[in-house]
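Student: I have a model open and I'd like to go through the labels people attach to it. Can we take them one at a time?

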Amino acid sequence: MKVARVEDIKRMDELASTKYGISQEILMENAGASVARLIESFADASGLRVVVVAGVGNNGGDGLVAARHLASQGADVNVYIIGDLEKITTLARINLDRIMRMGLPVEHVAEDISGLSEELHQADVVIDALFGIGLNRPVSGLYARVIDAVNGSGSLVVSVDIPSGVNGDTGQVMGVAVKADYTVTFGLPKPGLLIYPGAEHAGEIYVARISYPIELLEDENLVIETNDPVQLPERKPDTHKGDYGKALFIAGSRRYMGAPLFSAYSFLLAGGGYSRLATASNIVPYLGSKASEVVYEPLLETPSGSISYANKDRLLELAEWADIVAMGPGLTTEEETLRLVRDLVPLIKKPLILDGDGLTAVAGALELIKKREAPTILTPHLGEVSRLTGISVERIREDRIGFLRTLCRELNSYIVLKGAHTLVGTPSGKIYVNLTGNPGMAKAGSGDVLVGVIAAMLGLGLDVGEATRMAVLVHGYAGDYVASLEGIDGVTASRMMRVLPRVLRELRENPEDFYRTYSLQTL
Ligand SMILES: NC(=O)C1=CN([C@@H]2O[C@H](COP(=O)(O)OP(=O)(O)OC[C@H]3O[C@@H](n4cnc5c(N)ncnc54)[C@H](O)[C@@H]3O)[C@@H](O)[C@H]2O)[C@@H](O)CC1
Ligand SMILES: [K+]
């Protein structure tokens, strides 16, 4: 499903009216009605005690429409307007007038919120229509007190479009924000509902289409979407291992034996054809006993046991042989090895996945990546991308999507920005918000599995963008599967690796299950 930023919604809104004659008033009516419909789907409206907390913008207008619909179903609705009535929008004013003529109790709250607080406690359902995507500054004063009162009410909270106080584009909490049980969002989901901390405030998300034409909902200009599965290429009968990718992993050291194993073996378990692991010679016997399907290339070591610079020419030869190269897992940060990585990056003419210590190697030398002609895939978490770019984690968090779009273009790379939720960006400026995965995966080794899965998806024949995002989806799905078996604390790289084949089979044979679990619900 596409995801709409505030600027996208404004464009859709404009087009709905100019191109299709669907006025803002119709959209507001549908929006408010959909909120009422959701509430009616889980509670009998008759006698239901509903409190609507409305601002003076169009988000408040939606709340007033919901109030009217619920009242006409017999609900006991109380409306509180918060904000400067001089600034009320035309449509909110029209809808305020309607409910006043219907005799609904409406109170304007200017300072004292004790009456409102009392009502909030008594309510069965609170409709949060204070701010929507028009929020443009931090919340303070009366508004902050009202939001605190909503959060402290203990009543069920339904947010209109987005929890008030959450930034629609970035998911940042602008001072304080409503914690909703449900959010009904209009047209398309907003990035702020999918990115943390906004995602945590949104509760269960419902998308109400409010009669936007499909053409607008699927517009090519919408650059963000949820990461939905792409079709996995079939394994045809008349094929051999070379048809599923020849992958070269440059990984590992005497200190890190798991990382190379997880990468090189996950490649095979996720469907890849030929896995070759170039690694510190001392650890090859151990790795061979763990994964004998992998082909090993024992490399010369530095005295401390990481891959030495002397292997450069041999590694370039191997890269010539390979279809895909992955470099980084468990390499250590020994300067000699990092120098080797830096020198190899621009010379490798194949799609290159750079992870972990491979990313550390190029921090401060990003021109090496820019120079590459073959595709580059980077898989940093927030800390690594901060080191890579010199931009602080806090700054990146303020607008992950905007940051990632810029970086992908600047580095001409596909970038997986790990975290909740993981984002995948492409050089052309597309962003995919991944919805699989869980906090149990925040554990050593997890990223190494991802490297192998990306290589496998390339090996299966997906293009680079599809392979990267499908790998992220599969990886998270595997983490969720293990969590369902072992509990969230029991998610480990080796368990995830072992369930990769099952996850792929599910996606091939039973994709409906994926959609049932991960799709946003529509109203
Ligand atoms: N554009 C669309 O396609 C549709 C929009 N609709 C609704 O319209 C909403 C957007 O409406 P608006 O643009 O009027 O904006 P909002 O209703 O979200 O809020 C804007 C109002 O809040 C004030 N405000 C912003 N930040 C504040 C802060 N921190 N403290 C105090 N006041 C603050 C603004 O000055 C303005 O008065 C959407 O979220 C949605 O609920 C729906 O009616 C359906 C269609
Ligand atoms: K809201």
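Tutor: Sure, and keep in mind that this is a predicted model. Let's start at ligand 1, where α3 contributes five residues to the surrounding shell, the most of any element.

Student: Which helices each supply at least two residues of that shell?

Tutor: α1 (6-20), α2 (24-42) and α3 (58-72) each do. The shell holds 30 residues around ligand 1, and those that come nearest are G57, N58, N59, G132 and G134.

Student: What makes up that shell by class?

Tutor: There are 14 nonpolar, 11 polar and five charged residues around ligand 1. Gly goes into the polar class.

Student: Now the whole chain. Why is the protein chain called as compact as a globular protein of its length?

Tutor: First, the inventory: the chain has 22 helices and 19 strands. Its radius of gyration is 26 Å, and the globule rule gives 24 Å for 523 residues; the two are close, so the chain is as compact as a globular protein of that length. For the extents, the C-alpha atoms fill a box of roughly 85 × 45 × 45 Å along the principal axes.

Student: How much of the protein chain counts as buried?

Tutor: 53% of the 523 residues do. The cut-off is 20 or more other C-beta atoms within 10 Å of the residue's own.

Student: And what share of the contacts comes from residues 24 or more positions apart?

Tutor: Such pairs account for 73% of the contacts with a separation of 6 or more.

Student: On to the sheets. What is the pairing in the sheet of eight strands?

Tutor: It's parallel, and the sheet is open, with the order β4-β3-β2-β5-β6-β7-β8-β19.

Student: Why do β4 and β19 stand at the edges?

Tutor: β4 (106-109) and β19 (521-522) each have a single partner strand, so one side of each is left without a neighbour in the sheet. For β4, the pairing with β3 (residues 76-82) is parallel and runs over four bridges, with I82 standing opposite V109. Two strands count as paired once there are at least two bridges between them, so β3 and β4 qualify with four.

Student: V109 again! Why is V109 called partly exposed?

Tutor: V109 has 17 other C-beta atoms within 10 Å. Buried needs 20 or more and exposed needs 12 or fewer, so 17 falls in between and V109 is partly exposed. Leaving aside neighbours within four places in sequence, V109 is in contact with Y80, I81, I82 and L116.

Student: What makes β2 largely enclosed?

Tutor: Five of the six β2 residues are buried, so the rest of the structure largely encloses that strand. β2 runs parallel to β3, joined by six bridges, and R49 stands opposite D76 in β3. β6 is a similar kind of case: four of its five residues are buried, so it too is largely enclosed. β6 pairs with β5 in the parallel sense over four bridges, and there I127 faces V158.

Student: Which strands does α2 lie across?

Tutor: β5 (125-129), β6 (156-160), β7 (182-186) and β8 (204-208), at about 150° to β7. Helix α5 (residues 114-122) packs on the sheet as well, touching β2 (49-54), β3, β4 and β5, and its direction makes about 135° with that of β2.

Student: And what is the pairing in the sheet of 11 strands?

Tutor: That one is mixed, an open sheet ordered β1-β9-β18-β17-β16-β15-β14-β13-β10-β11-β12. β1 (2-3) and β12 (295-299) are its edges, because each has a single partner strand and so one side without a neighbour in the sheet.

Student: How do you know that β10 is largely enclosed?

Tutor: Five of its five residues are buried, so the rest of the structure largely encloses it. K246, L248 and I250 point one way while A247 and F249 point the other, and all are buried. β10 runs parallel to β11 (residues 274-280) with five bridges between them, and F249 has L277 as its bridge partner there. Finally, helix α19 (residues 446-460) lies across β10 (246-250), β13, β14 and β15 (376-378), at about 175° to β13.

Key. Residues numbered from 1 in each chain as written. Chains lettered and ligands numbered in written order. Predicted model: local features only at pLDDT ≥ 70, side-chain atom pairs only at ≥ 80, totals over all residues. Rg over C-alpha atoms; globule rule 2.2 N^0.38 Å. Contact = placed C-beta atoms within 7 Å. Axes fitted to C-alpha atoms, helices over the stretch in contact; angles between N-to-C directions. Near = placed C-beta within 6 Å.
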